[in-house]
Amino acid sequence: MSAQTDPADLPGVTKEQEPSPAAARVPGPRGGTGGKGGARSAGGSSEGKTLNVFSHGILVIWGLLVTMPLLWAVVSSFKDDTEIFGSPWGLPSVLHFDNWSRAWDKANMGQYFLNSLIVVGGSLIGTMLLGAMAAYVLARFDFPGNRFLYFLFVGGMGFPVILALVPLFFVMKNMALLDTYHGLILVYIAYSLPFTVFFLSGFFKTLPTSVAEAALIDGASHTRTFFQVMLPMAKPGLISVGIFNFLGQWNQYLLPTVLNVGDPDKKMLTQGLVALAVSQGYKGDWSGLFAGLTIAMLPVLAAYIIFQRQVVAGLTAGALK
């Protein structure tokens, strides 16, 4: 018998149970061999937690900066003028709903709200229909001048609208479209088309080609394929760009100020708010002003609250695919 006994020769010990040299050098949870890697992992974890706390803090501050003025305007719409100046940060002692009725009737906010609803509704439908059709053709078909037309739309996004106000005014005047709903609808559509085509063309490129090819093989025309197959598949993108267009057209002030100059009953809601704010220097009806401002904000807030998930899904769908 040798002086050193092999562990494999001991009874009950097999080759698989024999400890290997590498296993003998593996440190425990507090071992010194893996200390450097453990310190690196702990350091990375602490840095990640610090960055996470910092980013969340920035988001909280940004959220407060955005929501606090909105909440303050809504609360002030239920106060009277004395409370607005006497306790601007306090809650109203009594809810003055007459502020809303006064802004709706006497300040003519009801008529302005209806005008904006008609113009924005018509322009949004036209923008989405024409923009989706143009984007689908540019994204799915190859023809001479395709890239030129695409970059023409992209270039329209960077063209300042203020440079076109004077020639646009005279064009609309010569066509007898000033102070009309349909004239402003056409201008809004032209104003929103570049961004719509740019957004939807990238979205249509992410849709599977096999679905459109299968529809064409089954005998569907290009028009039927677009409206019944491809357009429903692009619903997330349509909702996202529709929300952006709604926000931009609802808050538009420059175009209606230039193109609606004659008939005061055809003014948009933004024009009515500016007129109401100017009149406060003579009448001092600040509670009515805050009520009118809240009335103008409600459709925008409602649209975003209802479709916020669809907006996020439309923005991320192209990246996920």
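Author: A helix here is a DSSP run of H or I with at least four residues, and helices are numbered from the N terminus. The model is predicted.

Reader: How many helices and how many strands does the protein chain have?

Author: Read along the sequence, the pattern is α-α-α-α-α-α-α-α-α-α-α-α-α-α. No β element appears in that pattern. The count for the protein chain is 14 helices and zero strands.

Reader: What share of the residues of the protein chain counts as buried?

Author: Buried means under 20% relative accessible area. The protein chain has 321 residues. The buried share of them is 33%.

Reader: Which element gives the most to the lining of the largest pocket?

Author: The largest pocket has a volume of about 470 Å³. Its lining takes two or more residues from each of α6 (146-157), α8 (181-205) and α11 (235-250). With six residues, the element that gives the most is α8.

Reader: Which residues lie nearest the centre of the largest pocket?

Author: The lining of the largest pocket has 18 residues. Those nearest the centre are Gly156, Val161, Ala190, Tyr191 and Ser192.

Reader: How many charged residues are in the lining of the largest pocket?

Author: Nonpolar residues number 13 in this lining. Five more are polar. The number of charged residues is zero.

Reader: Why does the end-to-end distance of α8 agree with its expected span?

Author: The helix α8 has 25 residues, so at 1.5 Å a residue it should span 36 Å. That agrees with the distance between its end C-alpha atoms, which is 35 Å.

Reader: Where does the kink in α8 lie?

Author: The bend is about 40°. It comes shortly before the proline Pro194. The kink lies at Leu193.

Reader: Which residue caps the N-terminal end of α8?

Author: The cap is in the loop between α7 (165-174) and α8. One of its side-chain oxygens lies 3.2 Å from the backbone nitrogen of Gly183. A polar atom of its side chain also lies 2.6 Å from the backbone oxygen of Leu177. The capping residue is Thr180.

Reader: Why does Thr180 count as buried?

Author: Buried means under 20% relative accessible area. Thr180 falls under that cut-off, so it counts as buried, because its relative accessibility is 16%.

Reader: How far does α11 reach from its first C-alpha to its last?

Author: The helix α11 has 16 residues. At 1.5 Å a residue, 22 Å is expected. Its buried residues include Gly237, Phe246 and Trp250. From first C-alpha to last, α11 reaches 22 Å.

Reader: Which element gives the most to the lining of the second largest pocket?

Author: The second largest pocket has a volume of about 260 Å³. It is lined by 15 residues, and Leu70, Ala296, Met297, Val300 and Leu301 lie nearest its centre. At least two lining residues come from each of α2 (35-76), α13 (269-283) and α14 (286-320). With seven residues, the element that gives the most is α14.

Reader: How many nonpolar residues are in the lining of the second largest pocket?

Author: No charged residue is in this lining. Three residues are polar. The nonpolar residues number 12.

Reader: How far apart in space are Ala73 and Phe290?

Author: Ala73 lies in helix α2. It is buried, with a relative accessible area of 4%. In sequence, Ala73 and Phe290 are 217 residues apart. In space, C-alpha to C-alpha, they are apart by 5.9 Å.

How values were computed
Residues numbered from 1 in each chain as written. Predicted model: local features only at pLDDT ≥ 70, side-chain atom pairs only at ≥ 80, totals over all residues. Heavy atoms only, no water. 1 Å grid on protein atoms, 1.4 Å probe; cavity = no way out; pocket = protein on both sides within 12 Å on 5 of 7 lines; lining within 4 Å. Points joined across faces, edges and corners; volume = space filled by probe spheres on them. Nonpolar A, V, L, I, M, F, W, Y, C, P; charged D, E, K, R; others polar. Expected span 1.5 Å × (residues − 1). Bend = angle between axes of the 7 residues up to and from the residue. Polar contact = N/O pair within 3.5 Å; in protein donor to acceptor, adjacent residues only side chain to side chain. Buried < 20%, exposed > 50% of the residue type's maximum accessible area, 1.4 Å probe, protein only.
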